Every structure is written in structure tokens, then in C-alpha cells.
Amino acid sequence: MVSFDPQNIQDSINLIRKSTTVALLTHMHPDGDAMGSTIGMFHYLESLGKECRIILNDRYPHFLEFMVDPQVQTSLLVHEEDPVGVKAYLERCDLTFCMDFNRFSRLEHLEEAAKTSKAHRILIDHHPAPAAEEFDLLFSETAISSASELTWWFLKEILNGETSRLPKASLTALMTGMTTDTNNFANSVFPSTLQMASELLEAGVDRDEILYNLYNRLSENRLRLMGHLMQDVLEITEDGVAFILLSEEDQKRYPIREGETEGFVNMPLSIDCVKMSIFSREDNGKARISIRSKKGTSANRCAARWFNGGGHEQAAGGRLIFREDVPSFKEVPDYIRTSTHKFMTEDNE
């Protein structure tokens, strides 16, 4: 099990006890782990009678809708849709939980409002190199599957093991977040991860229902787009780097919902010669970048060196801004070929 500093746990208990108005923040483009850890914490705080709001920079993917029950929906604020409401709530809240991000720059348009809030800040995150000065209390652990798993151990600790006090919706959200961030137990799995899963199953979480909602309710267009990208777009360099580019043209040809490209970046890693896989999506003046790698190749260092990003050793992300990093999306393939060749032959040592 994860070990916590007893004083940090006691300080967290005191902050929660004294708080009346709580904000839960997570990173831009929230994924399964971001939503799972945030919703898991939300239901616990709601059970204590706290006024809570989940505050997002932008909307979560459609395939995570099953986690957003009416209680969550009525407590959700999205900056893109209501920046005034978001700012007002952050100004009056007295406690902020920062879930699944290591620095406020990961919040994009929420960054300034979050930084200027006078609320106490508790970080629960599993990314390397957190900006410690931005938070009052840090629960930061990289040798763990997900922020959702870390949230589970955190809640178990502050409840002194009495996890029966956690609402079922909280447990389901945490299991969902851990499942997505491990790619259904395919990566970043630790002994503590399996222990968490076992305890949640014993507590009555329906894992079959979670898997059905995550993987069997996607659109037909997603499958057709995946076939097109793998057949016609995928390129593999001599250095063992596979990359896939999703243009705005293809997004119009195969209309899909936000989040339905989740998992595309992992697929080329099943090829023996591929050491690293990059998925790039054209998006409003920039190329969003996802990077996955096999052991021995650092996705994190590649993202930081060449794609204005970072993350974990085998899973990272970033972006290329048009007219700053590359002229347009058309130049992204050449940029990837050149930068990854330098990385694989010079930087990845």
C-alpha cells in the first residue's frame, strides 16, 4: 500500500473538516483518470455535506458520460461555457483539490483564476516534477498507476480504513479512472494497483459494467476512422517510431465525438519493430500530441524536448503550435520524422 506522511494526512483532515465550499480541479482535455479521481473525491466530499463544484477547462469525452450522474451534472462548471461562474466560485471557495495535474499551467484557461484563489490547495497527482510551491499539501507519487488509485489510498487513509463510508459512485469512479490509465491493466500496473482493484471488487464495484461503458458503446465512425488511419495514414520510420496524423479533413469525413480516439496511440506498439508511437490530431491552430513508448525509450523526454509537453516515462503528451513550432499541420510529418530521428539517435540514451 502507498505510504503517506501522517502529518500531511492530519492536515488534510483538518482542512476538510474546516472547509465549507470546495472546488475540484483537473487538467484540460480531461481523460478517464482525471474524471475518475475528481468524481471519486466529489462524492466523498458531498457525503460530508460540503458544497462542491467540479470545475473543468473544457468538457469531458462523451464515453465517460456514464460516470456523470445527476448529482455530478448539477455541480459541474465548465470554463469554456461559463467563465464568469467559474471565476466567482473560485473566488469564494475555501478549499481546492487539484486532481491529476502537477502544475497550474495544465489548466489552460483556468490557470489564472486558480492561482489567484485564496483557497487552500491539496494536490493528488502521479506525474513527475510537481510545482510544489503552487500547493499547500502534496500527495504526489509517480510509482502508482493513476491519480484515481492515489485518491483511493488517500481516502482510505483519512477514513482510517473505514471505506464502507464511501458512496458506491465514488468507488465506481475510482475503478474507472484506474482502468483507463492502465489501459485495462496493460501498463503502469503495480502491486498496489491489483490490491486496489481487489478491494473495490470486494466492495461491490461492477467491473463488467465499467468495461461495457468504456469499450462497447463507441460509434461506428470510430471503427471506420481507426481502419482508415491504420491502413492509409500510419507511418513507421527506420528508427522504430510509428506516427499517425488525424487531420481536420479526416475528422469531417469520419465525425467522431471528443475522446473517441482514445487508445489509437497504443495500437502501433503491438508491432515488434516499433519502439515509440505518436498520435497527432489537428485542433484549432495546433497539433495535439500523444506519445507512448516501450521500455527503454522515454516518451516523457521526447515530449519535453520536442513537443512542449511531458508526462510519464512511457506515456506523455504535448502540442505543436502552428506558426510557432511548425507553419501548419502539413509540416507536422516532417517535423516528427526529423525530431524523432534526433531523439532516437542522440537524446534517448
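**Close-up views of a predicted model**

**View 1. Helices H12 and H13 sit oblique to each other.** This is a predicted model, and the label comes from the crossing angle: the axes of H12 (residues 299-306) and H13 (residues 332-347) cross at roughly 125°. That value falls between the 65 to 115 degrees counted as roughly perpendicular and the over 145 counted as roughly antiparallel, so the pair is classed as oblique. The two axes come within 11 Å, and the crossing is right-handed.

**View 2. Here are the residues where H12 meets H13.** On the H12 side, the contact is made by Arg301, Cys302, Arg305 and Trp306. H13 brings Tyr335, Ser339, Lys342, Phe343 and Asp347. Sorted by class, that gives four nonpolar, one polar and four charged residues.

**View 3. A salt bridge ties arginine 337 to glutamate 235.** The two side chains meet at 2.8 Å, N to O. Arginine 337 belongs to helix H13, while glutamate 235 is in strand E7 (residues 235-236), so to speak a long way back along the chain: the partners are 102 residues apart. Searching the whole structure turns up 16 salt bridges.

**View 4. Arginine 288 and its surroundings in strand E10.** The strand covers residues 286-293. The side chain of arginine 288 makes a polar contact of 3.3 Å with the side chain of aspartate 283. Setting aside neighbours within four places in sequence, arginine 288 touches His29, Glu258, Phe279, Ser280, Arg281, Asp283 and Gly318.

Note on methods. Residues are numbered from 1 along each chain as its sequence is written. This is a predicted model: local features need pLDDT of at least 70, side-chain atom pairs count only at pLDDT 80 or more; totals for chains, interfaces and linings use all residues. Side-chain values use heavy atoms; hydrogens and water are left out. Helices (H or I, at least four residues) and strands (E, at least two) are DSSP runs, numbered from the N terminus. A polar contact is a pair of N or O atoms within 3.5 Å; within protein, one must be able to donate a hydrogen and the other to accept it, and residues adjacent in sequence count only if both atoms are side-chain atoms. Contact means heavy atoms within 4.5 Å. Axes are lines fitted to C-alpha atoms, for helices over the stretch in contact, and angles run from 0 to 180 degrees between N-to-C directions. Angles under 35 degrees count as roughly parallel, over 145 as roughly antiparallel, 65 to 115 as roughly perpendicular and the rest as oblique. A crossing is left-handed if the near helix is turned anticlockwise from the far one by less than a right angle, and right-handed if clockwise. Ala, Val, Leu, Ile, Met, Phe, Trp, Tyr, Cys and Pro count as nonpolar, Asp, Glu, Lys and Arg as charged, and the others, Gly among them, as polar. A salt bridge is a side-chain nitrogen of Lys or Arg within 4 Å of a carboxyl oxygen of Asp or Glu.
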